[in-house]
Amino acid sequence: LQPLIKKLAQKLESAYTVVTQGSGGATLYNREMDQFFLCPAFASKVVDKIGAGDAMLALISVFLFNDNTPDLSLFIGSLASAQSVETIGNSVPVGKIPLLKTIQHAFK
């Protein structure tokens, strides 16, 4: 998978490329650093996958734009994605408070 991600990033001339792999987690590639970042999937129960990629992309892009590290950005995006798959459709948006509680719990 990593050689394909690299090739895609070069073809698109994108600074970052992220590929989600469902229960296999996600991979983020930084073309400038030529480095891959891996993150496991965090969902405890998958109800519906609709919107999971959107939630991940929204958080990763905001964090990267604000000069956070790629690994932190991927971690936060993965947590948002996990929160998203635990509800049906887009009925419940990713919430700041539940996300912060999950982050707090992860670092205990």
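**View 1. Ile88 and its contacts in the loop between H3 and H4.** Ile88 is in contact with Val47 and Asp48, leaving aside its neighbours within four places in sequence; contact here means heavy atoms within 4.5 Å. With a relative accessible area of 60%, Ile88 is exposed. For these legends, buried means under 20% relative accessible area, exposed over 50%, and partly exposed in between, using a 1.4 Å probe and protein chains only. Pro70 sits 18 residues from Ile88 in sequence, and their C-alpha atoms are 29 Å apart in space. Helices and strands in every view are DSSP runs (helices H or I, at least four residues; strands E, at least two), numbered from the N terminus.

Two notes apply to all the views. Please keep in mind that this is a predicted model, in which local features need pLDDT of at least 70 and side-chain atom pairs count only at pLDDT 80 or more, while totals for chains, interfaces and linings use all residues. Residues are numbered from 1 along each chain as its sequence is written, and side-chain values use heavy atoms, with hydrogens and water left out.

**View 2. The hairpin of S1 and S2.** Strand S1 (residues 16-20) and strand S2 (residues 26-30) run antiparallel and are joined by five bridges; two strands pair if DSSP finds at least two bridges between them. To find your way across the pair, start at Val19, whose bridge partner in S2 is Thr27. Five residues lie between the two strands, and in this turn Gly22 has a positive phi of about 55°.

**View 3. Helix H2 and its buried face.** H2 covers residues 52-65, and its 14 residues should span 20 Å at 1.5 Å a residue, which agrees with end C-alpha atoms that are 20 Å apart. The expected span is 1.5 Å times one less than the number of residues. Ala52, Ala55, Met56, Leu59, Ile60 and Leu64 are buried in H2. Looking down the helix axis, the buried residues of H2 fall within an arc of 145°, so they line one face; the arc is that of the directions from the axis to the C-beta atoms. An α-helix has 3.6 residues a turn, so residues three or four places apart point the same way. Asp54, Leu57 and Phe65 are exposed on the face turned away from the buried side. Cover for the buried residues of H2 includes S1, S2, helix H3 (70-85) and helix H4 (96-106).

**View 4. Ala52 in helix H2.** Ala52 is buried, with a relative accessible area of 9%. Its contacts, leaving aside neighbours within four places in sequence, are Ser81, Ser84 and Val85. Gln104 is 52 residues from Ala52 along the chain, and 21 Å separates their C-alpha atoms.

**View 5. Two buried serines of helix H3, Ser73 and Ser78.** Ser73 counts as buried at 0% relative accessibility. Beyond its neighbours within four places in sequence, Ser73 is in contact with Ile60, Phe63, Leu64 and Asn68. Ser78 is buried too, with a relative accessible area of 5%. With neighbours within four places again set aside, Ser78 is in contact with Ala26, Cys39, Pro40, Phe42 and Met56.

**View 6. The largest nonpolar core.** This core has 16 residues, and those with the most contacts inside it are Leu74, Phe75, Ile76, Leu99 and Ile103. At least two residues of the core come from each of S2, S3, H2, H3 and H4. A nonpolar core is a set of buried Ala, Val, Leu, Ile, Met, Phe, Trp, Tyr and Cys residues joined through side-chain atoms within 4.5 Å. Zooming in on Ile103, you will find that it touches Phe75, Ile76 and Leu79, not counting residues up to four places away in sequence.

**View 7. The salt bridge of Asp34 and Lys6.** The structure holds one salt bridge, defined as a side-chain nitrogen of Lys or Arg within 4 Å of a carboxyl oxygen of Asp or Glu. The closest N and O atoms of Asp34 and Lys6 are 3.1 Å apart. This pair links distant parts of the chain, 28 residues apart: Asp34 is in the loop between S2 and strand S3 (35-39), and Lys6 is in helix H1 (residues 2-12). Asp34 counts as partly exposed at 43% relative accessibility, and Lys6 counts as partly exposed at 28%.

**View 8. Positive phi at Glu13 and Asp67.** Glu13, in the loop between H1 and S1, has a positive phi near 55°. At 61% relative accessibility, Glu13 counts as exposed. Asp67 lies in the loop between H2 and H3, and its phi is positive at about 60° although it is not a glycine. Asp67 counts as exposed at 72% relative accessibility.
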